[in-house]
Amino acid sequence: MPNSIYICSPKNEFTGMREVRVRFAPSPTGALHIGGVRTALYNYLLARQNKGTMILRIEDTDQARYVPGAEEYIIKSLEWVGIKIDEGVGVGGPYAPYRQSERKSMYLQYAQKLVDEGNAYYAFDTEQELDAMRDSLKAAGVALPQYNSITRSQMRNSLTLLEDEVKSLLEAKTPYVIRLKVPRKEEVRLNDMIRGWVMVHSSQIDDKVLMKSDGMPTYHLANVVDDYLMKISHVIRGEEWLPSAPLHVLLYKFLGWESDMPQFAHLPLLLKPTGDGKLSKRDADQMGFPIFPLDWVDPVKNEKATGFREAGYLPEALVNFLAFLGWNPGTTQEIFSMDDLIAAFSVERIGKAGAKFDIHKAQWFNQQYLRAKSNEELAHYLQDSLKEENISCAPDKALKVVSIMKERVTFPKDFWEQGRFLFVAPTTFDESVAAKKWNEESARVIGAYQEAVASLTSFDANIAKSTLEIVTSNLGITIGKILQSLRLSITGAGMGPDLMMIMEIIGKDEVVKRLDYALKTLRVKVS
RNA sequence: GGUCUGUUCGUCUAGGGGUUAGGACACCAGAUUUUCAUUCUGGUAACACGGGUUCGAUUCCCGUACAGACUACCA
């Protein structure tokens with residue numbers, strides 16, 4: 001009969017009983033990926049909803065994987081999506097510093113405490129010795145060799161070595177690590193807010209390294225110590241941490257912090273659209289959509305990856321989309337601002353299964369948010385694009401352009417990309433449309449229309465239309481027969497927004513000029 | 001391999017012992033638009049499988065399958 005550790009939910013069973021303090025704790029090993037943004041978002045929503053505190057902690061205990069610029073990138077990304085940090089790196093706060101590398105000196109005492117109380121031990125094994133142990137175990141048929149309650153008795157550590165030997169090894173500054181002495185036969189339980197009770201037998205947990213030989217703590221120790229010290233009430237993180245959560249529970253117990261243990265919530269993972277595995281940083285730009293919030297240039301590999309921002313996604317659309325990947329309000333409402341989300345969010349309604357990333361839905365959200373903006377705001381996007389093209393545009397023209405394009409765009413850059421003909425005359429014409437629609441008759445009618453327009457004294461969409469009506473009825477044909485050809489002549493394409501409005505926007509002189517060019521160019525092609 | 005987690009339309013999901021299994025995205029069709037887009041209307045499409053429990057199971061239980069995560073002195 002194994003001794004059981006019945007670790008129940010911590011005392012803050014109900015969110016309201018304890019001040020809500022949550023943290024987003026990325027490690028600066030590269031760009032923040034979109035799954036990380038969602039994790040941060042859920043933390044933020046819980047914090048805001050409960051008038052709590054959102055903390056940003058940087059977990060940079062692995063110096064080898066540190067990437068310069070990553071931390072700034074993370075901060076900028078959170079800022080862009082609208083997640084405000086109350087406390088932490090870049091902001092400061094009562095529990096500073098918030099960068100683990102700067103907290104280095106704080107961890108050893110806790111590891112030491114564990115050693116002193118017999119819950120951890122020094123291990124002097126070299127890499128070669130560890131490899132040898134694993135190899136021999138593998139040879140003996142053990143599928144996955146671990147440093148655990150059985151194998152530790154054969155290794156060089158403070159449990160197998162004599163006290164004097166340990167002392168002299170330490171005095172000689174022999175490199176060592178501190179490992180957790182995981183009990184042999186105990187049941188570790190935790191009550192996850194999303195998954196319910198999760199039980200793991202301690203024999204399945206290996207003697208994890210707590211302090212590395214470089215004096216830095218590993219994730220497990222640093223995370224638990226900092227969460228305790230920073231009075232974190234809820235740990236909301238990705239499901240990839242679920243397997244090591246029991247280890248963390250053990251750590252809380254051994255450190256005597258069981259009653260202050262935070263509530264855990266392990267989020268379902270964001271999966272690749274192809275369905276094989278979680279979305280990872282390496283997928284950047286590989287799947288036809290961004291995976292990082294902002295453009296990112298890897299300083300080591302010098303590879304550039306497109307961000308959601310640069311791809312034209314609005315932060316509020318991205319937030320809405322991300323929030324719905326794994327959570328829903330239980331109603332049919334889909335459009336949620338950040339404030340709406342804060343009001344409606346609940347950890348209980350977070351799903352359990354991983355969510356495949358579907359960029360179509362993100363595009364739909366973007367379209368919805370883009371359309372909801374005023375013409376003045378949208379004109380701003382257009383002007384930005386035009387500036388890049390060195391095209392100047394009067395404000396009232398920009399407003400008109402935006403109003404006829406509004407229902408057709410998904411991204412801000414579409415105003416320019418799909419409305420280019422409103423600024424630049426076409427030099428080529430869609431050949432399939434030309435082949436189908438352009439003929440002697442259309443040339444004749446358009447010639448007549450051009451003349452009619454040229455003689456006008458004033459010009460707008462209505463006049464353009466009535467003029468066309470007069471010209472066509474004089475020649476005895478219907479407008480429908482000629483309109484495609486006229487559109488082709490004006491825009492170069494067979495589709496687009498209302499042609500009369502297009503003509504109004506480009507103006508009478510430009511219409512005449514374009515028709516002239518079309519008449520010459522298209523005639524040559526046909527005959 | 002082991003441990004853990006999961007499995008409702010193609011995708012995100014609602015629901016939950018008796019429902020025509022609901023919505024959204026995507027897709028398809030029709031209407032509108034002289035075009036395309038928009039808009040509107042409609043449509044295709046799902047409870048992984050096998051055993052229980054039950055009058056009845058997609059819903060509860062147990063298995064199986066499949067998927068994913070983890071299994072580093074990485075986080």
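**Figure 1. Surroundings of Glu316 in helix H8 of the predicted model.** Glu316 counts as partly exposed, because 19 other C-beta atoms lie within 10 Å, where 20 or more would make a residue buried. The residue belongs to helix H8, which covers residues 315-323. Setting aside residues up to four places away in sequence, Glu316 touches Ser337, Met338 and Tyr369. Ile83 is 233 residues from Glu316 along the chain, and the C-alpha atoms of the two are separated by 11 Å.

**Figure 2. Thr61 in the loop between strand E3 and helix H2.** Helix H2 spans residues 70-81. Thr61 is buried, with 23 other C-beta atoms within 10 Å. Apart from neighbours within four places in sequence, Thr61 is in contact with Gln100, Ser101, Met216, Pro217, Thr218, Tyr219 and Ala222. Gly90 is 29 residues from Thr61 in sequence, and the C-alpha atoms of the pair are 18 Å apart.

**Figure 3. Parallel pairing of strands E2 and E3.** Strand E2, formed by residues 21-24, runs parallel to E3 and is joined to it by four bridges. Within this pairing, Arg23 has Ile55 of E3 as its bridge partner. Thr53 and Ile55 point one way from E3, whereas Met54 and Leu56 point the other way. These four residues are all buried.

**Figure 4. The open sheet E5-E6-E9 and helix H3.** Three strands make up this open sheet, in the order E5-E6-E9 and with antiparallel pairing. Strand E5 (120-123) and strand E9 (209-211) are the edge strands; each has a single partner strand, so one side of each lacks a neighbour in the sheet. From one strand to the next, the twist averages 40 degrees. Helix H3, residues 104-116, packs on the sheet and touches E5, E6 and E9. The direction of H3 makes about 105 degrees with that of E5. Four bridges connect E5 with strand E6, residues 177-180, in the antiparallel sense. One of the bridge pairs is formed by Ala123 and Val177, the latter in E6.

**Figure 5. The hairpin of strands E7 and E8.** Three residues lie between the two strands of this hairpin. Strand E7 covers residues 186-192 and runs antiparallel to E8, with six bridges joining the two. Arg189 has Met199 of E8 as its bridge partner. Strand E8 (196-201) also supplies at least two residues of the surface near RNA strand B.

**Figure 6. Backbone geometry at Lys51, Lys173 and Pro97.** Most residues other than glycine have a negative phi, and most peptide bonds are trans. Lys51 has a positive phi, near 55 degrees, and is placed in the loop between helix H1 (34-49) and strand E3 (53-56). Lys51 counts as exposed because it has 8 C-beta neighbours inside 10 Å. At Lys173, phi is likewise positive, about 55 degrees. Lys173 is found in the loop between helix H5 (163-171) and E6, and is exposed, with 7 other C-beta atoms within 10 Å. The peptide bond from Ala96 to Pro97 is cis, and its omega is near 0 degrees. Pro97 is located in the loop that runs between strand E4 (87-88) and H3.

**Figure 7. Buried face of helix H12.** Helix H12 consists of residues 395-405, and Ala398, Val401 and Val402 within it are buried. Viewed down the axis of H12, the buried residues fall within an arc of 95 degrees, so they line one face of the helix. In an α-helix there are 3.6 residues a turn, so residues three or four places apart point the same way. The packing partners of the buried residues of H12 are helix H11 (375-388), helix H13 (414-417) and helix H18 (499-506).

**Figure 8. Protein surface near RNA strand B.** RNA strand B is surrounded by 59 residues, of which Glu59, Leu144, Ala353, Leu483 and Met495 are the closest. By class, this surface comprises 20 nonpolar, 20 polar and 19 charged residues. Among the elements that each supply at least two of its residues are strand E15 (355-356), helix H10 (359-371) and helix H17 (479-491).

Conventions: Residues are numbered from 1 along each chain as its sequence is written. Chains are lettered from A and ligands numbered from 1 in the order in which they are written. This is a predicted model: local features need pLDDT of at least 70, side-chain atom pairs count only at pLDDT 80 or more; totals for chains, interfaces and linings use all residues. A residue is near a molecule or strand if its C-beta atom, placed from the backbone, lies within 6 Å of it. Ala, Val, Leu, Ile, Met, Phe, Trp, Tyr, Cys and Pro count as nonpolar, Asp, Glu, Lys and Arg as charged, and the others, Gly among them, as polar. A residue is buried if 20 or more other C-beta atoms lie within 10 Å of its own, exposed if 12 or fewer, and partly exposed in between; C-beta atoms are placed from the backbone. The arc is that of the directions from the helix axis to the C-beta atoms. Two residues are in contact if their C-beta atoms, placed from the backbone, lie within 7 Å. Two strands pair if DSSP finds at least two bridges between them. Axes are lines fitted to C-alpha atoms, for helices over the stretch in contact, and angles run from 0 to 180 degrees between N-to-C directions.
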